[in-house]
Amino acid sequence: MATIRARLFVVLVVLLGFLTVAVPHPATAAPLPGSLWFDGTPVTVSAGRFTDATGREIVLRGYNVSGETKLSENGGLPFASVADARKSATALRTLGGGNTVRFLLSWAYAEPVRGQVDTAYLAAATDQMRAFLDAGIRVYPDFHQDLYSRHLFDPDSWYTGDGAPKWAVDLGDHPDESCGICFFWGQNITQNEAVKQASYDFWHNAHGVQDAFLTTAEKTMAYVQQHLSADQFAGVIGFDPYNEPHAGTYDSGQTSRTWERDVLWPFYERFRARMDAAGWQDKPAFVEPNLFWNANLDFQKQEGGLLDAGRLGPRYVFNTHFYDQKAISGIFMWGKAQDGQYAGDFGTLRDRAAAAGTPAIVSEFGHPLAGTVSDKAPTVLKAMYQALDSRVPGASWWSNPQASGPVLSGTQWQWDIYHGRHHEPMNGNPDKVLTEGDAWNDEDLSAVHLDDSGTVTLRQDARLLDRVYPSATAGTTLAFTYEDRSRDGSTTLTWNPVPSSLPNVARLVGSGQYALLKWRSDGGPAPTELHLPASFPTSSTTVVSDLGTAHAPPAYTGTTPIAVAAEPGDTGSRRLLLTAPDSGVTHYALVTNGSTAAPTAELLAAARAELTAWSARTGG
């Protein structure tokens, strides 16, 4: 019997060894359909920017996949099946214009028993991740939590949480949960003593719970690294260690800033070490400050932003969320968002990331799509995307483009194909099954749902979501803007009209959408790329650039300065490729769908002359 036990122990060690030691990847897969010679390289951080192996400046845009992970109905996974993950990935590319997802994971399901990682869960999560990677979509996983854990909440509670497993909650001697008089679930963060004490215990490693979390995170990362091909793993761009961190309770004399310095940042350093041990040493940690550092309500705001962490790049990315709590409150902002509404908020983010020597990403932003404040959503989301594109309001962009700042990366909350079709027993209560909205704390933010035929369908204006953006710039972006002409009901919103001083450009654009990119080349061999939305079919896309002009641009050959190609992944999405074989030269490109018929050569030449003069006037 002892011999049998010894053999079983050896087998167990062999089986579990892969969870802590990085090993070679599976055989390299074939390149994705639609890939060109410069595609598929890892994204890293260099000189405060996301870059690929050719040195191009990379912008990450997409969605969170998804709030379904918070629920029990699919076992803490974003999807019920790999087939659903593939369906979602294709739609996210073709309908949502995304090239990146923040992929939510659940600690509760990864480690349901202390010290025992559920490899079946990790396998299912990795398979679903692979569906996005195979569609040409980059992935950064996130061990998600809200209100620490659903296991803190009573079966008949008004609220729920997600994150920590039941065993971690049971270790703490927490009071019965109660938020008191709360109008929004987020008030539990600062008013629910059970949530506050459980969070405090985690940050202070009571009962070794933080150690356990870090060990599970390392095993999870090692599993992903080992079970993706090298090409697939290249599409995994980093890891978000902890969603929306908050102290729970501050120690005597402690401030939000000193908590970040003395508690949060050491945790990130420990997580970073686990990434290195798991074979993620070349990928950054997407670290979030105290979630209230950039609150736009003064009574919520707390000093923070990892101010004492020094220079973060290249091993860390400054990662934050932004929700307009004034608009969501229904009290502190009565009207709708306007042009430039969030220029200051996102400008602060740009400045903080620049000071930290690293790129910024807004890993969550959004607004309720149902309920009493949902009428604000079209303008709030337009203003948020505008602020991601440029720190300059539309009304002054043409006269002051040089103040735009870097184009920010961001992933909207959220992309849940099961929206409105859930079957979630809230807090395990079979008598309280949630089916509507996002099935979590009355949220309703998903950009998509499934129609009655099972087809993924947008719940927001396609003009807003599927956008032109510079996904890769061969050099340095100097200025960018996109007028999406998205709608608020029956009203078309135009916040950045072409000025009357450029009459031929205005005539060319007409009532269509347009984007304008200005960049300085760096002599790199790969082209600049802009994502082309479905509203920009090649046959009606016009480009005016110092590189030339084109209506219905030709297919990419490597020698054509203005061309179109498929985006990798065989989803049908497309990109515009601009090749500038020089270095240190300022270039511009206007892209519009304003003309279905080919513009005259005279109009193209006149518009090009106006833009060339404008580019010279505005510097670069």
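The following chat goes through the fold, the cores and some local features of a predicted model.

Q: Before we start, what should I keep in mind about the numbering and the model?
A: Residues are numbered from 1 along each chain as its sequence is written, and side-chain values use heavy atoms, with hydrogens and water left out. This is a predicted model, in which local features need pLDDT of at least 70 and side-chain atom pairs count only at pLDDT 80 or more, while totals for chains, interfaces and linings use all residues.

Q: OK, how many helices and strands does the protein have?
A: The protein has 17 helices and 25 strands, where helices (H or I, at least four residues) and strands (E, at least two) are DSSP runs numbered from the N terminus.

Q: And what is the radius of gyration, set against a compact globule?
A: The protein has 24 Å, which agrees with the value near 25 Å for a compact globule with 620 residues; the radius is taken over C-alpha atoms, and the globule rule is 2.2 Å times the number of residues to the power 0.38. Along the principal axes, the C-alpha atoms fill a box of roughly 85 × 60 × 50 Å.

Q: How much of the protein is buried?
A: Buried residues make up 59% of the 620 residues, with buried meaning under 20% relative accessible area, exposed over 50% and partly exposed in between (1.4 Å probe, protein chains only). The accessible surface comes to about 22600 Å², of which 55% belongs to carbon and sulfur atoms; such areas come from the Shrake-Rupley method with a 1.4 Å probe, and for residues only the protein chains shown count as cover.

Q: What about contacts between residues at least 6 apart in sequence, what share joins residues at least 24 apart?
A: Of those contacts, 76% join residues at least 24 apart, a contact meaning heavy atoms within 4.5 Å.

Q: Moving inside, which residues touch the most other members of the largest nonpolar core?
A: They are F132, Y148, F267 and W415, in a core of 112 residues; a nonpolar core is a set of buried Ala, Val, Leu, Ile, Met, Phe, Trp, Tyr and Cys residues joined through side-chain atoms within 4.5 Å. Helix 8 (residues 209–227) gives the most to this core, with nine residues.

Q: Is there anything outside that core, and what does a second one include?
A: A second, separate core has 22 residues, including Y469, F480, Y482 and A515.

Q: Back to F267, what does F267 touch?
A: Leaving out residues up to four places away in sequence, F267 touches F202, W203, Q210, F213, L214, P241 and Y242.

Q: Switching to the backbone, where are the cis peptide bonds around P314 and Q414?
A: The bond from G313 to P314 is cis, with omega near 5°, and P314 sits in the loop between strand 7 (285–287) and strand 8 (316–322). Another cis bond joins W413 and Q414, with omega about 0°, and Q414 is in the loop between strand 10 (409–412) and strand 11 (424–425).

Q: Why pick out cis bonds and positive phi values?
A: Most residues other than glycine have a negative phi, and most peptide bonds are trans.

Q: Then what is the phi of E244, and is E244 buried or exposed?
A: E244 has a positive phi of about 45° although it is not a glycine, and E244 is buried, with a relative accessible area of 14%. The residue lies in the loop between helix 9 (230–234) and helix 10.

Q: And D570, buried or exposed?
A: D570 counts as exposed, at 63% relative accessibility, and has a positive phi of about 60° without being a glycine. Its place is the loop between strand 23 (562–566) and strand 24 (574–578).

Q: Last topic, what does R520 touch?
A: R520, in strand 19 (residues 514–522), touches A474, G475, T476, L478, G584, V585, T586 and G620, not counting residues up to four places away in sequence. R520 and G475 are 45 residues apart in sequence and 5.5 Å apart in space, C-alpha to C-alpha, and R520 is partly exposed at a relative accessible area of 31%.

Q: And where is V392?
A: V392 lies in the loop between helix 13 (377–389) and helix 14 (394–397), where V392 is buried, with a relative accessible area of 6%. Its C-alpha is 6.9 Å from that of G340, with the two positions 52 residues apart in sequence numbering.
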